[in-house]
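This report looks at packing, aromatic pairs and pocket lining in one protein chain. The sequence and coordinates come first, and the reading follows them.

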Amino acid sequence: MTLDISEPFHGAKLILFIGDRLLVLERDHTPGIPWPGHLDLPGGGREGAEGALDCALRETREEVGLEVGPDRICWNRRRVSPTGTSWFFAAHLDAQAEQEIKFGGEGAGWALMAPHDFLARHDAIPHFQGLVADYLAGVPSTLSMA
């Protein structure tokens, strides 16, 4: 998947399913960090002139050790907020990929959870919940209800 991104962006995230569960990270409590202790998605800030997809895949590799190929990306969405533009992508890996997760130490930890559990959590980053819900609205009901 190649995106023609002509406007600047500050970061990218990956909505990543391992089997039928969503991979989430728990943000740490570092002073000044936005959303401390909340559930986050893999991803982060842009480095240099990298593209949005490259950013999301690099951050995922750094944070959880998973190599997600660009061919696994099945959805993307641009989000413009007062802090700037960011990109969100979605991908699915087989359940066995859980064995390959190697936490990179950014944040307090990671977990796999049913998507509806993430959407119902009071400690998930709210605008990320909205993007996950948008993605799930377009996929088969077996996944969105998992």
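Contact here means heavy atoms within 4.5 Å. With that cut-off, and leaving aside its neighbours within four places in sequence, S86 is in contact with H10, G11, R77, R78 and R79. The model is a predicted one, and the statements below should be read with that in mind. S86 lies in strand β6, where its relative accessible area of 9% makes it buried, since buried means under 20%.

**The largest pocket**

S86 is also one of the residues that lie nearest the centre of the largest pocket, together with H10, K13, H127 and F128. This pocket has a volume of about 370 Å³ and is lined by 18 residues. At least two lining residues are supplied by each of β1, β4 (43-45), β5 (73-81), β6 and α3, and β1 gives the most, with three residues.

**Nonpolar cores and helix α3**

The largest nonpolar core has 23 residues, among which L14, L16, I18, L23, L66, V68 and F89 touch the most other members. Elements that each supply at least two residues of this core are β1 (11-18), β2 (21-26), α1 (52-64) and β6 (84-93), and the largest share, six residues, comes from α1. There is a second, separate core of 19 residues, which includes F17, F88, Y135 and L136.

Helix α3 spans residues 126-136, and its buried residues are F128, Q129, L131, V132, Y135 and L136. Which side of the helix do they occupy, the same or opposite ones? They cover an arc of only 165 degrees around the axis, and therefore lie on the same side of α3. As background, an α-helix has 3.6 residues a turn, so residues three or four places apart point the same way.

**Aromatic pairs**

A search of the whole structure finds four aromatic pairs, and two of them are set out in the table below, where a pair of aromatic rings is described by the distance of the centres and the angle of the planes.

| Pair | Centre to centre | Angle between planes | Class |
|---|---|---|---|
| F17 and Y135 | 6.0 Å | 35 degrees | tilted |
| W87 and F89 | 6.3 Å | 20 degrees | stacked |

F17 lies in strand β1 and Y135 in helix α3, so their pair ties together parts that are 118 residues apart in sequence. Both F17 and Y135 are buried, and the two residues form one aromatic cluster with W75. Both W87 and F89 are likewise buried.

**Two glutamates of helix α1**

E59 has its place in helix α1, and so does E62. What is the burial class of each, buried or partly exposed? E59, at 7% relative accessibility, counts as buried, whereas E62, at 38%, counts as partly exposed; the class of E62 follows because partly exposed covers the range between under 20% and over 50%.

Leaving aside neighbours within four places in sequence, E59 is in contact with G43, G44, G45 and E106. With such neighbours again left out, E62 is in contact with E47, G104 and E106, so that E106 appears in the contacts of E59 as well as in those of E62. For E62 there is also a distance to P42, a residue 20 places away along the chain: the C-alpha atoms of E62 and P42 are separated by 9.2 Å.

Conventions
Residues are numbered from 1 along each chain as its sequence is written. This is a predicted model: local features need pLDDT of at least 70, side-chain atom pairs count only at pLDDT 80 or more; totals for chains, interfaces and linings use all residues. Side-chain values use heavy atoms; hydrogens and water are left out. Buried means under 20% relative accessible area, exposed over 50%, partly exposed in between (1.4 Å probe, protein chains only). Helices (H or I, at least four residues) and strands (E, at least two) are DSSP runs, numbered from the N terminus. The arc is that of the directions from the helix axis to the C-beta atoms. A nonpolar core is a set of buried Ala, Val, Leu, Ile, Met, Phe, Trp, Tyr and Cys residues joined through side-chain atoms within 4.5 Å. Rings of Phe, Tyr and Trp (its six-membered ring) pair if their centres lie within 6.5 Å; planes under 30 degrees apart count as stacked, over 60 as edge-to-face and the rest as tilted. On a 1 Å grid over the protein atoms alone, a cavity is a set of points where a 1.4 Å probe fits but cannot get out, and a pocket is an open set with protein on both sides within 12 Å along at least five of seven lines; lining residues have an atom within 4 Å of a point. Grid points are joined across faces, edges and corners, and a volume is the space filled by probe spheres set on the points.
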